[in-house]
Amino acid sequence: MGHVISTYKNPSFMPDISQYSKYDPLLGFPNGRKARVPPPVTADEMRAANVPPERRDFCAHLFMDMKKCINETLFVTRGYQCRGAVHEWQACEKSEAIIRMKEYERERRLMARD
């Protein structure tokens, strides 16, 4: 069931997606978690490249590469020449969405357990 409907029916068991998790991120990982590699670009570089705020995530460097390719190629051949950069960015965005879904589900289950 969707987040909005489930939150309406039983808000005590649904995490607040507008706030950070209230649980320890290492809870349930006795050997620790695999560290996430920070993006190779800084916030200043993203601002200089005019990356929109909603795209400033772990895939921002791939977004910047894709936009650079699109801006440097001809309109007619853009779809063909930049398909590799577009595919890399989309794959990164998909993996980020999966990680966010897993974190949401983990927090939801921890809330139900308490």
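Helices (H or I, at least four residues) and strands (E, at least two) are DSSP runs, numbered from the N terminus. The model on display is predicted: local features need pLDDT of at least 70 and side-chain atom pairs count only at pLDDT 80 or more, whereas totals for chains, interfaces and linings use all residues. Residues are numbered from 1 along each chain as its sequence is written, and side-chain values use heavy atoms, with hydrogens and water left out.

**Stop 1: Asn-50**

Select Asn-50, which is found in the loop between α2 and α3. Its phi is near 60 degrees, a positive value in a residue other than glycine. Most residues other than glycine have a negative phi. Asn-50 counts as exposed at 65% relative accessibility; in this tour, buried means under 20% relative accessible area, exposed over 50%, and partly exposed in between (1.4 Å probe, protein chains only).

**Stop 2: helix α3**

Continue along the chain to α3 (60-72). The 13 residues of this helix should span 18 Å at 1.5 Å a residue, and its end C-alpha atoms are indeed 18 Å apart. The expected span of a helix is 1.5 Å times one less than its number of residues.

Next, display the side chains of Ala-60, Leu-62, Phe-63, Met-66 and Cys-69, which are buried in α3. The cover over the buried residues of α3 includes α2, α4 and α5. Contact here means heavy atoms within 4.5 Å.

**Stop 3: helix α5**

Select residues 83-113, which form helix α5. This helix has 31 residues and reaches 45 Å from its first C-alpha to its last, close to the 45 Å expected at 1.5 Å a residue. Its buried residues are Trp-89, Cys-92, Glu-93, Glu-96, Arg-106, Glu-107, Leu-110 and Met-111. Part of what covers these buried residues of α5 is α3.

**Stop 4: where α3 meets α5**

Show both helices together. How are α3 and α5 oriented relative to each other? They pack at an angle of about 155 degrees, with their axes 9 Å apart; the axes are lines fitted to C-alpha atoms, for helices over the stretch in contact, and angles run from 0 to 180 degrees between N-to-C directions. The two helices are therefore roughly antiparallel to each other. Angles under 35 degrees count as roughly parallel, over 145 as roughly antiparallel, 65 to 115 as roughly perpendicular and the rest as oblique.

α3 passes α5 in a left-handed crossing. A crossing is left-handed if the near helix is turned anticlockwise from the far one by less than a right angle, and right-handed if clockwise. To see the residues involved, select Leu-62, Phe-63 and Met-66 in α3, which meet Ala-85, Val-86, Glu-88, Trp-89 and Cys-92 in α5.

**Stop 5: the disulfides**

Colour the cysteines next. A disulfide is a covalent bond between the sulfur atoms of two cysteines; the criterion applied is a pair of cysteine sulfur atoms within 2.5 Å. How many disulfides does a search of the whole structure find? The search finds two.

One disulfide joins Cys-59 to Cys-92, with an S to S distance of 2.0 Å. The pair links distant parts of the chain, 33 residues apart: Cys-59 is in the loop between α2 (43-48) and α3, while Cys-92 is in helix α5. With -85 degrees about the S-S bond, this link of Cys-59 and Cys-92 is left-handed. Cys-59 is buried, with a relative accessible area of 0%, and Cys-92 also counts as buried, at 14% relative accessibility.

Another disulfide joins Cys-69 to Cys-82, with an S to S distance of 2.1 Å. Cys-69 lies in helix α3 and Cys-82 in the loop between α4 (78-81) and α5, so the pair ties together parts that are 13 residues apart in sequence. The link of Cys-69 and Cys-82 is left-handed, with -95 degrees about the S-S bond. Cys-69 counts as buried at 18% relative accessibility, and Cys-82 at 2%. With the bonded cysteines of the protein numbered in sequence order, the pairing is 1-4, 2-3.

**Stop 6: Ser-95**

Return to helix α5 and select Ser-95. At 34% relative accessibility, Ser-95 counts as partly exposed. The C-alpha atoms of Ser-95 and Cys-59 are separated by 9.7 Å, although these residues are 36 residues apart along the chain.

**Stop 7: Lys-22**

Finally, select Lys-22, in the loop between α1 (3-9) and α2. Is Lys-22 buried or exposed? Lys-22 is exposed, with a relative accessible area of 63%. Not counting residues up to four places away in sequence, Lys-22 touches Glu-107 and Met-111. The C-alpha atoms of Lys-22 and Met-111 are separated by 9.6 Å, and the two residues are 89 residues apart along the chain.
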